[in-house]
Amino acid sequence: MTFDWTTFILEIINFLALVWILKHFLYQPILDIIARRRAGIEKTLTDAQQIKAEADELKQQHEKFLAEWEQEKERAQARLMAELAAMRENKLAELNDKINEEAERRKVLDERAKREFERRMEEQGIAQGIAFTTKLLFRLASPELEAALYALLLEDLHGLSKENKRVITEATVVPELQIKIQSAFPLDENKQNELTRYLSDVAGRMLPIEFQVNSDLIAGFQIVIGSWILHANLRDELKFFSGSLQHATAGS
């Protein structure tokens, strides 16, 4: 076989022409497309990284917000628990104060009821004692006892103060004044005259005296000259004694 240089040269020219055509119309556009796609991919990656960075930042902000929210929630819970504890202590203190006040009030009421019961018992005892004493004095009352009281009456009259004598003198000048001397037993004439004479001497003039018998006096006398009254009988002495006991009981 013979070597043909013409064919060889033509083949080379064809090959070079084919290489030029491929490079100019096929390889370069493919490179351009690859370059654009690479640029697009890089841009997409850049955007993705930016989005990822923004997402990470948002995540960090969210986590920070959650952490702050948890801290704020814990602080709020702590404040709430503190307020509830303070409120509970205040309520317990108020409840204890009310319980103590109620206990003190009941104590006062009990003491008052106790004192009232004791006072009623004492008054009842005094009333029974006075009733018993009154019955006993009624049984012991006699003209002899009244005679002894008459002697005491004379002692009281002779022992009148100047002020009492002045009151008697002023009372006896009232027109139509009634002077009464009551006795539990009838007074004999001598005693009536003696009392009339003494009171007339005090008044400085003769006095009209009305003598009456009053068995309620038990024994003794009561002299009434206007507003001036002399009690010298067992009934009034018992009243005075009973009043003193009741006053002492009420004041205790």
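In the predicted model, E70 and K73 stand three residues apart in helix α1 and are therefore separated by about one helical turn. The side chains of E70 and K73 meet in a salt bridge, with an N to O distance of 3.3 Å. Neither partner is classed as buried, because the relative accessible area of E70 is 35%, which makes this residue partly exposed, and K73, at 31% relative accessibility, likewise counts as partly exposed.

A second pair in helix α1 is formed by R105 and E102, which also lie three residues apart, about one turn of the helix. The salt bridge between the side chains of R105 and E102 has an N to O distance of 2.7 Å. R105 counts as partly exposed at 43% relative accessibility, and E102 is partly exposed as well, with a relative accessible area of 30%.

In a third pair, R120 forms a salt bridge with E116, and the closest N and O atoms are 3.2 Å apart. R120 and E116 are four residues apart in helix α1, a spacing that again separates them by about one helical turn. The two partners fall into separate exposure classes, since R120, at 51% relative accessibility, passes the 50% limit and counts as exposed, whereas E116 is partly exposed with a relative accessible area of 27%. This pair belongs to a network in which salt bridges that share partners join E116, R119, R120 and E123. Over the whole structure, the search finds 13 salt bridges.

The UniProt record, an unreviewed entry, places a feature named "coiled-coil region" at residues 41–120. In the model, residues 41–120 are 100% helix and 0% strand, and the C-alpha atoms at the two ends of this span lie 113 Å apart.

The chain is divided into domain 1, comprising residues 1–140, and domain 2, comprising residues 143–251. The centres of domain 1 and domain 2, taken over C-alpha atoms, are separated by 100 Å. The contact between them takes nine residues from domain 1 and eleven residues from domain 2. Together the domains bury about 870 Å² between them, and 82% of this area is on carbon and sulfur atoms. On the side of domain 1, the residues that lose the most area to domain 2 are I126, I130 and L137, which together account for 52% of what that side buries. Across the interface of domain 1 and domain 2, the rule finds zero salt bridges.

The largest nonpolar core of the model has 32 residues, and those with the most contacts inside this core are L153, L157, L195, L199, I223 and I225. Two or more residues of the core are given by each of the helices α1 (5–140), α2 (143–158), α3 (162–172), α4 (189–203) and α5 (234–251), and by each of the strands β1 (179–183), β3 (220–225) and β4 (228–233). The core draws at least three residues from each of domain 1 and domain 2. In soluble globular proteins, nonpolar side chains tend to be buried together. The surroundings of one core residue can be described individually: when residues up to four places away in sequence are not counted, I225 touches I168, A171, T172, L177, I179 and L199. Of these neighbours, L199 is itself among the residues with the most contacts inside the core.

Conventions
Residues are numbered from 1 along each chain as its sequence is written. This is a predicted model: local features need pLDDT of at least 70, side-chain atom pairs count only at pLDDT 80 or more; totals for chains, interfaces and linings use all residues. Side-chain values use heavy atoms; hydrogens and water are left out. A nonpolar core is a set of buried Ala, Val, Leu, Ile, Met, Phe, Trp, Tyr and Cys residues joined through side-chain atoms within 4.5 Å. Buried means under 20% relative accessible area, exposed over 50%, partly exposed in between (1.4 Å probe, protein chains only). Domain bounds come from an automatic or database domain assignment. Contact means heavy atoms within 4.5 Å. UniProt positions are given in the numbering used here, feature names are shortened, and annotations may be inferred rather than shown by experiment. Buried area is the accessible area (1.4 Å probe) that two parts lose on being put together, summed over both. A salt bridge is a side-chain nitrogen of Lys or Arg within 4 Å of a carboxyl oxygen of Asp or Glu.
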